[in-house]
Amino acid sequence: MCVESDGCEIEGCSSSDEVRTLSGSMSPALKSNPDLHPCKPGQKFRAALLRCRSPAAAAGILSFGNVLNYMDRYTVAGVLLDIQRHYKVSDSGIGLLQTVFICSFMVAAPIFGYLGDRFNRKVILSCGIFFWSIVTLSSSFISREYYWLFVLSRGLVGIGESSYSSISPTIIGDLFTNNSRTMMLSVFYLAIPLGSGLGYILGSSAKEAAGDWHWALRVSPVLGMTAGALILLFVPEPKRGCVDQMGARIKTRTSWVCDMKALAKNRSYVFSSLASSAVSFATGAFGMWIPIYLTRAQVVQKTAEPCTKEICSSTDSLIFGAITCVTGLLGVVIGAVTTRMCRQRTERADPLVCAVSMLGSAIFICLIFVVAKRSIVGAYVCIFIGETLLFLNWAITADILMFVVIPTRRATAVAFQSFTSHLLGDAGSPYLIGLISDGLQQSYATSAMWQFLSLGYALMLCPFIIVLGGMFFLVTALFFLDDREKADKQLNQLSRSPSAVKV
């Protein structure tokens, strides 16, 4: 027999069972008591929901939410040509959409990181999902005279999505450990390329089906609200650090200022964050501009006509979305398996795998702009290999953070890594690429050929940034073991007494 928190008896439990309460804590089983009364129907249903809160189910729901997070973000990219024609804006003007989104995202990330280390994380996640879903749905009704309002709505969506990206990985980090955590984080971060690719597909398909691009923004909000409800019902709120060797016995909490000082001195954290910025720069620019670049390439090859209709062709967005989904799956799986194998040979495997994959990715991304003028198929092959190598490091980077940062400051660490990677990465890259492209077009005679070449020259900045990111991962490998050992020592100090805490 088990007893719920309100003192009613739950049927179907043995005397040795434990019951998980809504807060995520575990209540020991109680012996039969004559004062207990049978559960009411609503209480039985609540108890049944509590039994479904397994770590694997929670990780699955959080991964589903992350898919929707990135799907919503890149739905706009799937109909970018239509938005550009509808609001009659330039390349730099349309690039501003992603820049405003990312700027609001990164500004909100440290705030949510602070809240995530101190308050109920799943409530914050659910509120963020409901908020961004409502704003996305509302933005689909903005008329063409109010482009500034549409840009503002993307900024508000960025605030809502920031709560999810900053906090959800820390819940998984507190549910699993070691290789299990690596695998679950791999599944979670698989959602980034998978959701991004599905965003292109969803946006293009909804537009084609409805004959109106606005419908691309009216599907993901429904799924988002569903994910928010699932998180409230089925995701537990584990104690911070409960699965770490000493984390469950933490007796004190460091201040926010102490956390920031410790993170600033953590060399592995700093350099891996700079490397993540390089990845964000490239993925942000590619996600926004590659479908348009390939469309212009086909116009130059005379295999397609320039878009003059109200609804533009979505073929390139669909293909690019499908490639992103597949490369995301391959990249995350290959990254997780490769890292586990390399850990048997070297303890520095995590940052080294990231470094090698990024340097290899830069080569194939350079080749995209060499072959696109003559062969679209060749460009897609280079995109496939380049993205696969680039996506190898998504989950590994998160695992590096889990190794070198103690549990009580992980949400803050994730938030500030997100802030840094977006500030130096995709906050400015889409707009910067558009600005360079516009500048090159104004300097020379405007033609279909020069529109294609100018955007390609602008995008050539990305491979150089990726090489820089690979170098940052190599530097991370130099300090990784020392910082991991320091994190273990800090965790031991926190578990003993408040007076033993050191930054």
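A crossing of two helices is right-handed if the near helix is turned clockwise from the far one by less than a right angle. Keep that in mind for one of the stops below. The model you have open is a predicted one.

**The whole chain**

Start with everything on screen. The protein chain contains 18 helices and 5 strands. Colour by burial and you'll find that 57% of its 503 residues are buried. Now turn on contacts: among those with a separation of 6 or more, 84% link residues 24 or more positions apart. Switch to a surface view next. About 20200 Å² is exposed, and 66% of that comes from carbon and sulfur atoms.

**Stop one: Lys 88**

Select Lys 88, in the loop between α3 (80–87) and α4 (91–116). Check the backbone here: phi is positive, about 55°, although Lys 88 is not a glycine. Is Lys 88 buried or exposed? The relative accessible area of Lys 88 is 65%, over the 50% cut-off, so this residue counts as exposed.

**Stop two: Leu 198**

Move on to helix α7, residues 178–210, and pick out Leu 198. This one is partly exposed, because its relative accessibility of 28% falls between the 20% and 50% cut-offs. Which residues does Leu 198 touch, leaving aside neighbours within four places in sequence? Show side chains for Val 67, Met 71 and Cys 325, and you have its contacts. While you're there, draw a distance from the C-alpha of Leu 198 to that of Asp 72: you should get 9.1 Å, although the two residues are 126 apart along the chain.

**Stop three: α11 against α12**

Packed helices are described by the angle between their axes and the distance between those axes. Select α11 (residues 315–342) together with α12 (residues 349–371). Their axes lie 9 Å apart and the packing angle is about 130°. That value falls between 115 and 145 degrees, so α11 and α12 are oblique to each other. Which hand does the crossing of α11 and α12 have? It is right-handed, in the sense given at the start.

Now show the side chains at the contact. From α11, pick Thr 338, Thr 339 and Cys 342; from α12, pick Ala 349, Asp 350 and Val 353. Colour these residues by type and the contact of α11 with α12 splits into 3 nonpolar, 2 polar and 1 charged.

Note on methods: Residues are numbered from 1 along each chain as its sequence is written. This is a predicted model: local features need pLDDT of at least 70, side-chain atom pairs count only at pLDDT 80 or more; totals for chains, interfaces and linings use all residues. Side-chain values use heavy atoms; hydrogens and water are left out. Helices (H or I, at least four residues) and strands (E, at least two) are DSSP runs, numbered from the N terminus. Buried means under 20% relative accessible area, exposed over 50%, partly exposed in between (1.4 Å probe, protein chains only). Contact means heavy atoms within 4.5 Å. Axes are lines fitted to C-alpha atoms, for helices over the stretch in contact, and angles run from 0 to 180 degrees between N-to-C directions. Angles under 35 degrees count as roughly parallel, over 145 as roughly antiparallel, 65 to 115 as roughly perpendicular and the rest as oblique. Ala, Val, Leu, Ile, Met, Phe, Trp, Tyr, Cys and Pro count as nonpolar, Asp, Glu, Lys and Arg as charged, and the others, Gly among them, as polar. Accessible areas come from the Shrake-Rupley method with a 1.4 Å probe; for residues, only the protein chains shown count as cover.
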